[in-house]
Amino acid sequence: MNTPNNKRKKESIERIERVFIQLLQDHELAEIRVSDICKLAGLNRTTFYANYTDIYGLADSIRDKLEQNLSDLYRSEITQGFNSNDYLKLFCHIKENQVFYKTYFKLGYDDSYKIFTYDSNLARQHFQNRFIEYHMEFFKGGITKIIKLWLQNGCKESPEDMYEVIKSEYQGRADNGKED
C-alpha cells in the first residue's frame, strides 16, 4: 500500500470533517455546500467526492464516528454483556467532546441515535414487565433533552452534577439498578 497517499487521504478526511463541523455550528445542513467545505479546507471537490457521496454521506460518517467512539467507551460492558448504567462516564465524554455532540444533535439524529442503550431487562424488573416500550421512549427522550440543554448552556455544570440529576430523576435506576 502507498503509505504517503494513505496519510494524505486521512489528513484530507480530517480537514473535511473539521471544516464541516465548524460550518454546522453556524449553519443548517441544507445551507452547506461541498464547494464551501472544499474552499475552507483548501481541497478540490474531487477529494471530497473520493471520500463521500454528498453532504449527507459526510453527515452520516460523522454520526458513525461518534457512535463508534461512544461504543468504544463502553466496550468492556458490550463485550461482557452487561450494562453498568454508568452515566458519569457518558457525561464526562460529552463534556470532553461538546462540539461533536452538538453536531450530532444538530444533524437531527435524536430519534435514530444508537449512542444510548436502554437496559430493558432492568426495566422489566422495575416496571413489572409492563409498558417497557413507553418507559424506554420516556428515558431516551428525557436524557436527550437533558444532554441538549446541558450542551446549550456550555456544560457549565460538572459531569458529576449531571449524573446526580439522572440518578434523582430515575430514583437510583441509573446507579446499577439499586434504589438510593
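## Exercises on an all-helical predicted model

**Exercise 1. Compare the expected and actual span of helix α4 (residues 55-73).**

Solution. Helix α4 holds 19 residues, and at 1.5 Å a residue it should span 27 Å. The expected span is 1.5 Å times one less than the number of residues. The end C-alpha atoms of α4 are 27 Å apart, which agrees with this expectation. Helices here are DSSP runs of H or I with at least four residues, strands are runs of E with at least two, and both are numbered from the N terminus.

The model is predicted: local features need pLDDT of at least 70, side-chain atom pairs count only at pLDDT 80 or more, and totals for chains, interfaces and linings use all residues. Residues are numbered from 1 along each chain as its sequence is written, and side-chain values use heavy atoms, with hydrogens and water left out.

**Exercise 2. Describe the overall make-up of the protein.**

Solution. Step one is the element count: the protein has 10 helices and 0 strands. Step two is their order, which from the N terminus on reads α-α-α-α-α-α-α-α-α-α. Step three is burial, where buried means under 20% relative accessible area, exposed over 50%, and partly exposed in between (1.4 Å probe, protein chains only). By this criterion, 39% of the 180 residues count as buried. Step four concerns contacts, defined as heavy atoms within 4.5 Å. Among contacts with a separation of 6 or more, 61% come from residues 24 or more positions apart.

**Exercise 3. Determine how α4 is capped and which of its residues are buried.**

Solution. Begin at the N-terminal end, where D54 acts as the cap: a side-chain oxygen of D54 lies 3.0 Å from the backbone nitrogen of Y56. Next, list the buried positions of α4, which are I55, L58, A59, S61, I62, R63, L66, E67 and L70. A general property of helices is useful when reading such a list: an α-helix has 3.6 residues a turn, so residues three or four places apart point the same way. Two of the buried positions can then be examined singly. S61 counts as buried because its relative accessibility is 18%, and E67 because its value is 10%. The C-alpha atom of E67 is separated by 9.5 Å from that of Y104, 37 residues apart along the chain. Y104 is itself among the buried residues of helix α7 (residues 98-106), together with Y101, T103 and F105. Just after α7, G108 takes a positive phi of about 80°.

**Exercise 4. Characterise the surroundings of E17.**

Solution. First, locate the residue: E17 lies in helix α1 (residues 3-24). Second, classify its accessibility: E17 is counted as buried because its value is 9%. Third, list its neighbours, leaving out residues up to four places away in sequence: E17 touches Y52, L58, S61, I62 and K65. Fourth, look for polar contacts (a pair of N or O atoms within 3.5 Å; within protein, one must be able to donate a hydrogen and the other to accept it, and residues adjacent in sequence count only if both atoms are side-chain atoms). The side chains of E17 and K65 form such a contact, at 2.9 Å. Finally, check from the side of S61: with the same exclusion of residues up to four places away in sequence, S61 touches E17 and Y52.

**Exercise 5. Analyse the packing of α6 (residues 87-96) against α9 (residues 132-152).**

Solution. Start with the geometry, in which axes are lines fitted to C-alpha atoms, for helices over the stretch in contact, and angles run from 0 to 180 degrees between N-to-C directions. The two helices pack at about 35°, with axes 11 Å apart. Then identify the residues that meet: Y87, L90, F91, I94 and K95 in α6, and F139, I143, I147, W150 and L151 in α9. By class, this contact has 9 nonpolar, no polar and 1 charged residues. Lastly, consider one of the participants: I143 is buried, with a relative accessible area of 0%. The C-alpha atoms of I143 and V165 are 9.9 Å apart, at a separation of 22 residues along the chain.

**Exercise 6. Classify C155 by location, backbone and burial.**

Solution. C155 lies in the loop between α9 and α10 (159-169). Its phi is near 50°, a positive value in a residue other than glycine. At 2% relative accessibility, C155 counts as buried.

Key. Nonpolar A, V, L, I, M, F, W, Y, C, P; charged D, E, K, R; others polar.
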